[in-house]
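Let's take a walk through this one together. Have the viewer open and follow along as we go.

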Amino acid sequence: LVAMGLLTLSAVWGLLLSTRLAGRVVPARDLAGWHELLALLAVGFTLLHMAALLLDSFAGWRVGEVLVPFARGGLEIALGVVATWLLVTVFLTARLRRRLPGRMWRQVHLASFALFWFAALHGIMSGTDAPGTLAGALMLGAVIVVGALTLVRVAQSVPAGRGRSAAREGTGTPAR
């Protein structure tokens, strides 16, 4: 739950940064700093989650089972494994951002959307905390907030005047 909470906060800070919704309230460099710190903590707590599974003798997890999708369990576990790989990939490429072409970094960073949704589904489908509990309410809140900010981000990326060229907009000349 802590890892998911940190991942959610990192996603919210990243979306606030990319949508510029908090622009006048919080400087972009502060949002970026918090986004990076929260992502680092999410990586750490995700690794702690995996270590706890490996150290729990009752559950009997093996290294390969926490690293390979479908090595143990069904879709709900595989989503968590894939989310972990995406988390590590997005985090490492973010750390290497200055050494990577901007387009490559952006394309890899888009995987953070899948990362969040895979992690959320993993938590909802495989978590031991039943829906209707505080944990379920927190998961629902995370999904609603990140979902709403994602919709804002997608809406901002749709070009104005879809179906007409920007140069002709307002001139009365139909687009070809």
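Which residues does Glu76 touch, not counting residues up to four places away in sequence? Keep that in mind for a moment while we get our bearings.

First, a caveat: what you're looking at is a predicted model. The protein has 7 helices and 0 strands, so reading along the sequence gives you the pattern α-α-α-α-α-α-α. Of its 176 residues, 28% count as buried. Contacts with a sequence separation of 6 or more are worth a glance too: 59% of them are between residues 24 or more positions apart.

Now back to Glu76. This residue sits in helix 4, and with those sequence neighbours set aside, Glu76 touches His122, Met125 and Ser126. Take Ser126 from that list: Glu76 and Ser126 are 50 residues apart in sequence, yet their C-alpha atoms are 5.6 Å apart in space. As for exposure, Glu76 has a relative accessibility of 25%, so it counts as partly exposed. The cut-off for buried is under 20%.

Next up is helix 2, which covers residues 28–55. Its 28 residues reach 40 Å from the first C-alpha to the last, close to the 40 Å expected at 1.5 Å a residue. Its buried residues are Leu31, His35, Leu38, Ala39, Ala42, Val43, Thr46 and Met50. What do they pack against? Their partners are helix 1 (2–19), helix 3 (63–67), helix 4 (75–95) and helix 5 (102–109).

Helix 2 also takes part in a salt bridge. Glu36 pairs with Arg95, with the closest N and O atoms 3.6 Å apart. The pair links distant parts of the chain, as Glu36 is in helix 2 and Arg95 in helix 4, 59 residues apart. The two ends differ in exposure class: Arg95 counts as exposed because its relative accessibility is 55%, whereas Glu36, at 42%, counts as partly exposed.

The count comes to 2 salt bridges, and the other one to look up is between Arg72 and Glu65, with 3.4 Å from N to O. Here Glu65 is buried, because its relative accessibility is 15%. Arg72, at 27%, counts as partly exposed.

Let's hop over to helix 7, residues 134–157. Is its length what you'd expect, or what span should its 24 residues have? At 1.5 Å a residue they should span 34 Å, and the end C-alpha atoms are 35 Å apart, which agrees. The buried residues in this helix are Ala135, Met139, Ala142, Val146, Gly147, Leu149 and Thr150. Helix 1 and helix 6 are among the elements that cover them.

Two threonines let you see this packing up close. Thr150, in helix 7, counts as buried because its relative accessibility is 13%. Leaving aside neighbours within four places in sequence, Thr150 is in contact with Leu15 and Phe113. The other threonine, Thr8, lies in helix 1 and is buried as well, because its relative accessible area is 10%. With residues up to four places away not counted, Thr8 touches Phe116, Ala142 and Val146, and both Ala142 and Val146 are on the list of buried residues in helix 7. Thr8 can also be placed relative to helix 2: from Thr8 to Ala39 the C-alpha distance is 9.2 Å, with their positions 31 residues apart in sequence.

That leaves the largest pocket, which holds about 1,100 Å³ of space. Which residues lie nearest its centre? Out of 37 lining residues, they are Gly14, His35, Trp105, His109 and Ser112. You've already met His35, one of the buried residues of helix 2. The elements that give two or more residues to the lining are helix 1, helix 2, helix 4, helix 5, helix 6 (111–126) and helix 7. Helix 1 provides the largest share, with 7 residues. If you're thinking about the chemistry of the lining, the residues divide into 20 nonpolar, 9 polar and 8 charged.

Definitions and conventions: Residues are numbered from 1 along each chain as its sequence is written. This is a predicted model: local features need pLDDT of at least 70, side-chain atom pairs count only at pLDDT 80 or more; totals for chains, interfaces and linings use all residues. Side-chain values use heavy atoms; hydrogens and water are left out. Helices (H or I, at least four residues) and strands (E, at least two) are DSSP runs, numbered from the N terminus. The expected span of a helix is 1.5 Å times one less than its number of residues. Buried means under 20% relative accessible area, exposed over 50%, partly exposed in between (1.4 Å probe, protein chains only). Contact means heavy atoms within 4.5 Å. A salt bridge is a side-chain nitrogen of Lys or Arg within 4 Å of a carboxyl oxygen of Asp or Glu. On a 1 Å grid over the protein atoms alone, a cavity is a set of points where a 1.4 Å probe fits but cannot get out, and a pocket is an open set with protein on both sides within 12 Å along at least five of seven lines; lining residues have an atom within 4 Å of a point. Grid points are joined across faces, edges and corners, and a volume is the space filled by probe spheres set on the points. Ala, Val, Leu, Ile, Met, Phe, Trp, Tyr, Cys and Pro count as nonpolar, Asp, Glu, Lys and Arg as charged, and the others, Gly among them, as polar.
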